[in-house]
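Colleague: Before I rely on the terms used for this model, I should like to have each of them justified. Please set the values against the definitions.

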Amino acid sequence: MELPLDYPTLRLIWWGLLGVLLIGFALTDGFDMGVGALLPFIGRNDEERRTVINTIGATWEGNQVWFITGGAAIFAAWPMVYGASFSGFYLAMFLVLSAMIMRPVAFKYRSKRPDAKWRSFWDWSLFVGSFVPALVFGVAVGNVLQGVPVHLDSDLRSTYHGHFFELFTPFTLVCGLLSTAMLVLHGSAWLAVKAEKGPIVDRARKFGLIAGIASIVLFALGGLLAMRLGFRVEGVVDPAGPSNPLRATVVAAPGAWFDNFGRYPWMTIAPVLGFVGAAFATFGLWKRQEGLAFGGSSASAAGIIATSGLSMFPFILPSTVDAHSSFLVWNASSSHTTLFIMLVVVVVLMPVVLAYTAFVYRVLWGRTSSAALKTDPALY
(Lines give C-alpha, C1' and ligand atoms only; values in the text may rest on other atoms or scores of the structure.)
Protein backbone atom coordinates (compact mmCIF):
# COMPACT_ATOMS: atom_id res chain seq x y z
CA MET A 1 0.00 0.00 0.00
CA GLU A 2 1.39 3.36 -1.02
CA LEU A 3 1.06 6.03 1.64
CA PRO A 4 -0.17 9.50 0.67
CA LEU A 5 2.92 11.20 2.16
CA ASP A 6 6.47 10.27 1.25
CA TYR A 7 9.10 9.35 3.82
CA PRO A 8 11.13 12.61 3.74
CA THR A 9 7.97 14.69 4.19
CA LEU A 10 6.85 12.63 7.17
CA ARG A 11 10.28 12.91 8.76
CA LEU A 12 10.21 16.67 8.31
CA ILE A 13 6.67 16.92 9.70
CA TRP A 14 7.62 14.97 12.81
CA TRP A 15 10.72 17.08 13.33
CA GLY A 16 8.43 20.12 13.25
CA LEU A 17 5.89 18.49 15.56
CA LEU A 18 8.61 17.72 18.07
CA GLY A 19 9.52 21.40 18.08
CA VAL A 20 5.87 22.36 18.52
CA LEU A 21 5.54 20.03 21.52
CA LEU A 22 8.67 21.44 23.16
CA ILE A 23 7.45 24.99 22.62
CA GLY A 24 4.01 24.01 23.94
CA PHE A 25 5.68 22.60 27.05
CA ALA A 26 7.66 25.82 27.57
CA LEU A 27 4.61 28.05 27.08
CA THR A 28 2.33 26.14 29.46
CA ASP A 29 4.30 24.21 32.06
CA GLY A 30 6.98 26.87 31.64
CA PHE A 31 5.04 29.58 33.45
CA ASP A 32 4.16 27.02 36.12
CA MET A 33 7.87 26.48 36.72
CA GLY A 34 8.52 30.20 36.65
CA VAL A 35 5.84 30.81 39.27
CA GLY A 36 7.15 27.95 41.43
CA ALA A 37 10.70 29.29 41.23
CA LEU A 38 9.45 32.71 42.37
CA LEU A 39 7.18 31.44 45.16
CA PRO A 40 9.50 31.82 48.20
CA PHE A 41 10.57 35.30 47.13
CA ILE A 42 7.24 36.81 46.08
CA GLY A 43 4.99 35.46 48.82
CA ARG A 44 5.92 37.07 52.13
CA ASN A 45 3.26 35.35 54.23
CA ASP A 46 1.04 32.29 54.03
CA GLU A 47 -1.87 34.09 52.39
CA GLU A 48 0.33 35.57 49.67
CA ARG A 49 2.01 32.23 48.97
CA ARG A 50 -1.35 30.51 48.72
CA THR A 51 -2.45 33.19 46.28
CA VAL A 52 0.68 32.61 44.16
CA ILE A 53 0.18 28.84 44.19
CA ASN A 54 -3.46 29.10 43.17
CA THR A 55 -2.67 31.19 40.10
CA ILE A 56 -1.44 27.90 38.62
CA GLY A 57 -3.35 25.49 40.86
CA ALA A 58 -6.16 24.82 38.40
CA THR A 59 -4.03 24.18 35.32
CA TRP A 60 -0.62 22.83 36.32
CA GLU A 61 -1.62 19.17 35.95
CA GLY A 62 -2.88 19.67 32.42
CA ASN A 63 0.17 21.72 31.49
CA GLN A 64 2.51 18.95 32.62
CA VAL A 65 0.99 16.64 30.00
CA TRP A 66 3.01 18.52 27.36
CA PHE A 67 6.19 17.19 28.97
CA ILE A 68 4.91 13.61 28.80
CA THR A 69 3.72 14.07 25.21
CA GLY A 70 7.10 15.46 24.14
CA GLY A 71 8.92 12.48 25.65
CA ALA A 72 6.46 10.08 24.02
CA ALA A 73 6.96 11.77 20.63
CA ILE A 74 10.74 11.34 20.87
CA PHE A 75 10.28 7.69 21.84
CA ALA A 76 7.83 6.93 19.02
CA ALA A 77 9.21 9.03 16.16
CA TRP A 78 12.94 9.00 16.97
CA PRO A 79 13.56 5.81 18.99
CA MET A 80 17.34 5.79 18.50
CA VAL A 81 17.58 9.39 19.68
CA TYR A 82 15.43 8.53 22.70
CA GLY A 83 17.64 5.56 23.57
CA ALA A 84 20.93 7.42 23.20
CA SER A 85 19.90 10.66 24.91
CA PHE A 86 17.89 9.24 27.81
CA SER A 87 20.57 6.68 28.63
CA GLY A 88 23.40 9.18 28.27
CA PHE A 89 21.62 11.84 30.31
CA TYR A 90 20.28 9.27 32.77
CA LEU A 91 21.45 10.96 35.98
CA ALA A 92 20.35 14.38 34.75
CA MET A 93 16.94 12.98 33.79
CA PHE A 94 16.70 11.24 37.17
CA LEU A 95 17.43 14.58 38.84
CA VAL A 96 14.72 16.29 36.77
CA LEU A 97 12.13 13.60 37.40
CA SER A 98 12.90 13.56 41.13
CA ALA A 99 12.42 17.32 41.26
CA MET A 100 9.23 17.18 39.20
CA ILE A 101 7.79 14.47 41.46
CA MET A 102 8.13 16.95 44.32
CA ARG A 103 5.85 19.43 42.54
CA PRO A 104 2.55 17.49 42.69
CA VAL A 105 3.32 16.30 46.22
CA ALA A 106 3.98 19.89 47.30
CA PHE A 107 0.75 21.10 45.69
CA LYS A 108 -1.33 18.42 47.37
CA TYR A 109 0.28 18.34 50.82
CA ARG A 110 1.21 21.94 51.50
CA SER A 111 -2.08 23.07 53.02
CA LYS A 112 -2.93 19.81 54.76
CA ARG A 113 -1.56 21.19 58.04
CA PRO A 114 -1.55 24.75 59.41
CA ASP A 115 1.97 24.39 60.85
CA ALA A 116 4.27 27.13 59.47
CA LYS A 117 7.34 24.87 59.21
CA TRP A 118 5.32 22.23 57.37
CA ARG A 119 4.09 24.74 54.82
CA SER A 120 7.52 26.35 54.43
CA PHE A 121 9.06 22.94 53.69
CA TRP A 122 6.58 22.29 50.87
CA ASP A 123 6.97 25.83 49.54
CA TRP A 124 10.70 25.24 49.14
CA SER A 125 9.96 21.81 47.68
CA LEU A 126 7.83 23.51 45.06
CA PHE A 127 10.71 25.91 44.41
CA VAL A 128 13.16 23.01 43.92
CA GLY A 129 10.66 21.14 41.76
CA SER A 130 10.40 24.17 39.50
CA PHE A 131 13.91 25.65 39.49
CA VAL A 132 15.86 22.41 38.96
CA PRO A 133 13.98 21.28 35.81
CA ALA A 134 14.17 24.79 34.35
CA LEU A 135 17.95 24.80 34.82
CA VAL A 136 18.63 21.21 33.74
CA PHE A 137 16.46 21.41 30.62
CA GLY A 138 18.57 24.34 29.46
CA VAL A 139 21.78 22.47 30.28
CA ALA A 140 20.49 19.50 28.27
CA VAL A 141 19.80 21.67 25.23
CA GLY A 142 23.28 23.15 25.58
CA ASN A 143 24.77 19.66 25.54
CA VAL A 144 22.84 18.77 22.42
CA LEU A 145 24.16 21.92 20.72
CA GLN A 146 27.78 21.21 21.64
CA GLY A 147 27.43 17.50 20.84
CA VAL A 148 27.43 14.43 23.03
CA PRO A 149 30.01 11.63 23.37
CA VAL A 150 27.83 8.83 21.99
CA HIS A 151 29.07 5.91 19.88
CA LEU A 152 27.08 3.42 17.80
CA ASP A 153 28.35 -0.07 17.14
CA SER A 154 27.61 -2.07 13.97
CA ASP A 155 24.29 -3.23 15.47
CA LEU A 156 23.25 0.40 16.17
CA ARG A 157 23.61 -0.04 19.92
CA SER A 158 24.58 3.26 21.51
CA THR A 159 27.21 3.74 24.21
CA TYR A 160 27.58 6.99 26.10
CA HIS A 161 31.19 7.86 26.98
CA GLY A 162 30.61 10.91 29.14
CA HIS A 163 30.05 11.54 32.85
CA PHE A 164 27.44 13.51 34.77
CA PHE A 165 29.67 16.46 35.71
CA GLU A 166 30.89 16.76 32.11
CA LEU A 167 27.40 17.95 31.24
CA PHE A 168 28.15 21.25 32.99
CA THR A 169 30.43 23.41 30.85
CA PRO A 170 30.49 27.22 30.56
CA PHE A 171 28.30 27.06 27.44
CA THR A 172 25.78 24.61 28.87
CA LEU A 173 25.55 26.59 32.11
CA VAL A 174 24.78 29.72 30.10
CA CYS A 175 22.04 27.73 28.37
CA GLY A 176 20.74 26.56 31.74
CA LEU A 177 20.69 30.10 33.12
CA LEU A 178 18.98 31.33 29.95
CA SER A 179 16.30 28.66 30.32
CA THR A 180 15.77 29.64 33.95
CA ALA A 181 15.62 33.38 33.19
CA MET A 182 13.26 32.75 30.27
CA LEU A 183 10.82 30.77 32.43
CA VAL A 184 11.06 33.16 35.40
CA LEU A 185 10.18 35.99 32.99
CA HIS A 186 7.25 33.91 31.72
CA GLY A 187 6.13 33.13 35.28
CA SER A 188 6.38 36.79 36.28
CA ALA A 189 4.25 37.79 33.31
CA TRP A 190 1.69 35.13 34.24
CA LEU A 191 1.49 36.43 37.80
CA ALA A 192 1.00 39.96 36.45
CA VAL A 193 -1.98 38.65 34.47
CA LYS A 194 -3.42 36.18 36.95
CA ALA A 195 -2.68 37.33 40.51
CA GLU A 196 -4.70 39.87 42.43
CA LYS A 197 -3.22 43.32 41.91
CA GLY A 198 -1.16 44.40 44.85
CA PRO A 199 2.15 43.43 46.49
CA ILE A 200 2.40 40.08 44.69
CA VAL A 201 2.12 41.63 41.24
CA ASP A 202 4.49 44.45 42.21
CA ARG A 203 7.17 41.98 43.34
CA ALA A 204 6.59 39.80 40.27
CA ARG A 205 7.19 42.84 38.07
CA LYS A 206 10.54 43.53 39.77
CA PHE A 207 11.75 39.96 39.35
CA GLY A 208 10.40 39.89 35.81
CA LEU A 209 12.35 43.01 34.84
CA ILE A 210 15.57 41.38 36.05
CA ALA A 211 14.71 38.11 34.30
CA GLY A 212 13.85 39.93 31.07
CA ILE A 213 17.17 41.75 30.94
CA ALA A 214 18.99 38.53 31.89
CA SER A 215 17.20 36.64 29.09
CA ILE A 216 18.38 39.15 26.48
CA VAL A 217 21.96 39.20 27.77
CA LEU A 218 22.22 35.40 28.16
CA PHE A 219 20.66 34.76 24.73
CA ALA A 220 23.23 37.06 23.15
CA LEU A 221 26.06 35.50 25.17
CA GLY A 222 24.91 32.01 24.21
CA GLY A 223 24.98 33.02 20.55
CA LEU A 224 28.54 34.31 20.87
CA LEU A 225 29.69 31.12 22.57
CA ALA A 226 27.89 29.02 19.94
CA MET A 227 30.18 30.48 17.27
CA ARG A 228 32.76 27.95 18.46
CA LEU A 229 30.33 25.06 17.98
CA GLY A 230 28.72 23.24 15.10
CA PHE A 231 28.73 20.17 12.89
CA ARG A 232 28.34 19.52 9.17
CA VAL A 233 27.45 16.47 7.13
CA GLU A 234 30.03 15.41 4.57
CA GLY A 235 28.65 14.10 1.30
CA VAL A 236 25.01 13.55 0.39
CA VAL A 237 22.39 12.09 2.72
CA ASP A 238 19.30 10.49 1.21
CA PRO A 239 16.21 11.97 2.94
CA ALA A 240 14.30 8.81 2.04
CA GLY A 241 17.10 6.45 3.08
CA PRO A 242 17.01 3.85 5.86
CA SER A 243 17.29 4.86 9.50
CA ASN A 244 20.98 4.08 9.89
CA PRO A 245 23.21 6.89 11.22
CA LEU A 246 26.33 4.90 10.28
CA ARG A 247 25.70 5.70 6.61
CA ALA A 248 26.51 9.41 7.13
CA THR A 249 29.77 11.12 8.01
CA VAL A 250 29.74 14.18 10.25
CA VAL A 251 32.60 16.58 11.00
CA ALA A 252 32.95 19.24 13.67
CA ALA A 253 32.80 22.69 12.11
CA PRO A 254 32.92 25.72 14.46
CA GLY A 255 30.29 28.24 13.43
CA ALA A 256 28.24 25.72 11.45
CA TRP A 257 25.17 26.31 13.60
CA PHE A 258 24.81 29.68 11.87
CA ASP A 259 24.85 28.21 8.34
CA ASN A 260 21.09 27.72 8.12
CA PHE A 261 20.38 31.36 8.90
CA GLY A 262 22.49 32.40 5.92
CA ARG A 263 21.05 29.67 3.69
CA TYR A 264 17.44 30.33 4.68
CA PRO A 265 17.08 33.98 5.77
CA TRP A 266 13.49 33.44 6.94
CA MET A 267 14.87 31.41 9.86
CA THR A 268 16.24 34.60 11.41
CA ILE A 269 12.66 35.24 12.53
CA ALA A 270 13.32 32.86 15.44
CA PRO A 271 16.24 34.67 17.12
CA VAL A 272 14.63 38.04 16.41
CA LEU A 273 11.49 36.79 18.13
CA GLY A 274 13.61 35.64 21.08
CA PHE A 275 15.15 39.08 21.56
CA VAL A 276 12.13 41.23 20.68
CA GLY A 277 9.73 39.08 22.72
CA ALA A 278 11.89 39.42 25.83
CA ALA A 279 12.17 43.17 25.24
CA PHE A 280 8.39 43.50 24.88
CA ALA A 281 7.81 41.41 28.00
CA THR A 282 10.22 43.56 29.98
CA PHE A 283 8.63 46.75 28.66
CA GLY A 284 5.15 45.40 29.40
CA LEU A 285 6.08 44.62 33.00
CA TRP A 286 7.67 48.03 33.42
CA LYS A 287 4.58 49.83 32.03
CA ARG A 288 2.13 47.51 33.79
CA GLN A 289 0.73 46.25 30.49
CA GLU A 290 0.08 42.66 31.50
CA GLY A 291 -1.12 41.40 28.12
CA LEU A 292 1.96 42.72 26.35
CA ALA A 293 4.20 41.21 29.03
CA PHE A 294 2.69 37.73 28.75
CA GLY A 295 2.54 37.83 24.96
CA GLY A 296 6.15 38.96 24.83
CA SER A 297 7.39 36.27 27.22
CA SER A 298 5.52 33.64 25.20
CA ALA A 299 7.02 34.89 21.94
CA SER A 300 10.49 34.99 23.48
CA ALA A 301 10.29 31.39 24.73
CA ALA A 302 9.04 30.19 21.35
CA GLY A 303 11.78 32.12 19.54
CA ILE A 304 14.61 30.89 21.77
CA ILE A 305 13.58 27.25 21.45
CA ALA A 306 13.00 27.55 17.70
CA THR A 307 16.43 29.13 17.29
CA SER A 308 18.08 26.04 18.75
CA GLY A 309 16.13 23.65 16.55
CA LEU A 310 16.47 25.60 13.32
CA SER A 311 20.19 26.21 13.79
CA MET A 312 20.84 22.49 14.17
CA PHE A 313 18.71 21.20 11.28
CA PRO A 314 19.06 18.47 10.03
CA PHE A 315 20.88 17.37 13.21
CA ILE A 316 18.97 16.08 16.22
CA LEU A 317 21.82 14.71 18.32
CA PRO A 318 25.40 15.15 17.01
CA SER A 319 28.24 12.97 18.29
CA THR A 320 31.59 14.34 19.39
CA VAL A 321 33.44 11.00 19.46
CA ASP A 322 32.40 9.24 16.25
CA ALA A 323 31.90 10.74 12.80
CA HIS A 324 29.28 8.10 11.99
CA SER A 325 27.20 8.22 15.18
CA SER A 326 25.30 11.49 14.77
CA PHE A 327 21.52 11.37 14.54
CA LEU A 328 19.89 13.35 11.74
CA VAL A 329 16.30 14.02 10.77
CA TRP A 330 16.93 11.78 7.74
CA ASN A 331 18.60 8.78 9.38
CA ALA A 332 17.19 8.18 12.89
CA SER A 333 13.39 8.06 12.61
CA SER A 334 10.84 5.29 12.92
CA SER A 335 9.58 3.56 9.80
CA HIS A 336 7.56 5.23 7.07
CA THR A 337 4.38 3.42 8.14
CA THR A 338 4.86 4.18 11.84
CA LEU A 339 5.30 7.90 11.22
CA PHE A 340 2.19 8.00 9.03
CA ILE A 341 -0.02 6.15 11.54
CA MET A 342 1.15 8.43 14.35
CA LEU A 343 0.46 11.50 12.21
CA VAL A 344 -3.12 10.34 11.62
CA VAL A 345 -3.56 9.98 15.38
CA VAL A 346 -2.15 13.47 15.95
CA VAL A 347 -4.37 15.04 13.27
CA VAL A 348 -7.44 13.47 14.89
CA LEU A 349 -6.63 14.03 18.57
CA MET A 350 -4.53 17.21 18.70
CA PRO A 351 -7.44 19.55 17.80
CA VAL A 352 -9.49 17.90 20.57
CA VAL A 353 -6.72 18.45 23.10
CA LEU A 354 -6.20 22.07 22.04
CA ALA A 355 -9.93 22.79 22.09
CA TYR A 356 -10.31 21.29 25.56
CA THR A 357 -7.27 23.21 26.83
CA ALA A 358 -8.67 26.47 25.46
CA PHE A 359 -12.04 25.69 27.07
CA VAL A 360 -10.43 25.03 30.46
CA TYR A 361 -8.47 28.29 30.38
CA ARG A 362 -11.56 30.21 29.35
CA VAL A 363 -13.69 28.77 32.15
CA LEU A 364 -10.98 29.25 34.79
CA TRP A 365 -9.89 32.69 33.62
CA GLY A 366 -9.76 35.57 36.06
CA ARG A 367 -7.48 36.84 38.78
CA THR A 368 -6.90 34.77 41.91
CA SER A 369 -8.00 36.77 44.96
CA SER A 370 -6.98 36.37 48.56
CA ALA A 371 -10.65 36.57 49.57
CA ALA A 372 -11.42 33.39 47.61
CA LEU A 373 -8.91 31.48 49.75
CA LYS A 374 -11.26 31.78 52.73
CA THR A 375 -14.42 30.72 50.94
CA ASP A 376 -13.39 28.17 48.25
CA PRO A 377 -12.44 24.76 49.75
CA ALA A 378 -11.13 23.60 46.36
CA LEU A 379 -8.19 26.00 46.47
CA TYR A 380 -4.78 24.86 47.69
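Modeller: The following exchange takes up salt bridges, helix packing, aromatic pairs and burial in turn. The model is a predicted one, in which local features need pLDDT of at least 70 and side-chain atom pairs count only at pLDDT 80 or more, while totals for chains, interfaces and linings use all residues. Residues are numbered from 1 along each chain as its sequence is written, and side-chain values use heavy atoms, with hydrogens and water left out.

Colleague: Why is the pair of Asp-123 and Arg-49 called a salt bridge?

Modeller: The term requires a side-chain nitrogen of Lys or Arg within 4 Å of a carboxyl oxygen of Asp or Glu. The closest N and O atoms of Asp-123 and Arg-49 are 3.1 Å apart, so the pair satisfies the definition. Asp-123 belongs to helix α6 (residues 116–146) and Arg-49 to helix α2 (residues 46–54), so the bridge ties together parts that are 74 residues apart in sequence. Helices here are DSSP runs of H or I with at least four residues, strands are runs of E with at least two, and both are numbered from the N terminus. In the whole structure, the search finds 13 salt bridges.

Colleague: What makes Asp-123 and Arg-49 buried?

Modeller: Buried means under 20% relative accessible area, exposed means over 50%, and partly exposed lies in between (1.4 Å probe, protein chains only). Asp-123 has a relative accessible area of 2% and Arg-49 stands at 15%, so both fall under the 20% limit.

Colleague: Which residues are linked with Arg-49 and Asp-123 in a network of salt bridges?

Modeller: The network links Asp-46, Arg-49, Arg-110, Arg-119 and Asp-123.

Colleague: How is the packing of α2 and α6 described?

Modeller: Two packed helices are described by the angle between their axes and the distance between the axes. For α2 and α6 the angle is about 35 degrees and the axes are 12 Å apart. The axes are lines fitted to C-alpha atoms, for helices over the stretch in contact, with angles from 0 to 180 degrees between N-to-C directions. On the α2 side the contact (heavy atoms within 4.5 Å) is made by Asp-46, Arg-49, Arg-50 and Ile-53, and on the α6 side by Arg-119, Asp-123 and Leu-126.

Colleague: How do you know that Arg-232 and Asp-259 meet in a salt bridge?

Modeller: Their N to O distance is 2.6 Å, so the pair lies within the 4 Å limit. Arg-232 is in strand β3 (residues 231–234) and Asp-259 in helix α9 (residues 259–263), so the bridge joins parts 27 residues apart in sequence. Arg-232, at 36% relative accessibility, counts as partly exposed, and Asp-259, at 23%, is also partly exposed.

Colleague: Are Arg-157 and Asp-155 buried or exposed?

Modeller: Both Arg-157 and Asp-155 are exposed. They too form a salt bridge, with the closest N and O atoms 3.4 Å apart.

Colleague: Why is the ring pair of Phe-31 and Trp-190 called stacked?

Modeller: Rings of Phe, Tyr and Trp (its six-membered ring) pair if their centres lie within 6.5 Å; planes under 30 degrees apart count as stacked, over 60 as edge-to-face and the rest as tilted. The count by this rule comes to 29 aromatic pairs. The centres of Phe-31 and Trp-190 are 4.1 Å apart and their planes lie at 15 degrees, so the pair is stacked. Phe-31 lies in helix α1 and Trp-190 in helix α7 (residues 170–194), 159 residues apart. Phe-31 and Trp-190 are both buried.

Colleague: What makes the pair of Phe-231 and Trp-257 tilted?

Modeller: The ring centres of Phe-231 and Trp-257 are 5.9 Å apart and the planes lie at 55 degrees, so the pair is tilted. Phe-231 lies in strand β3 and Trp-257 in the loop between β4 (249–252) and α9, so the pair ties together parts 26 residues apart in sequence. Phe-231 is buried at 8% relative accessibility, and Trp-257 is buried at 3%.

Colleague: Which residues do ring pairs link into a cluster with Phe-31 and Trp-190?

Modeller: The cluster contains Phe-31, Trp-190, Phe-294, Tyr-361 and Trp-365.

Colleague: Why is Phe-41 called partly exposed?

Modeller: Phe-41 has 34% relative accessibility, which lies between the two limits, so the residue counts as partly exposed. Phe-41 lies in helix α1 (residues 7–42). Leaving aside neighbours within four places in sequence, Phe-41 is in contact with Trp-124, Phe-127, Arg-203 and Phe-207.
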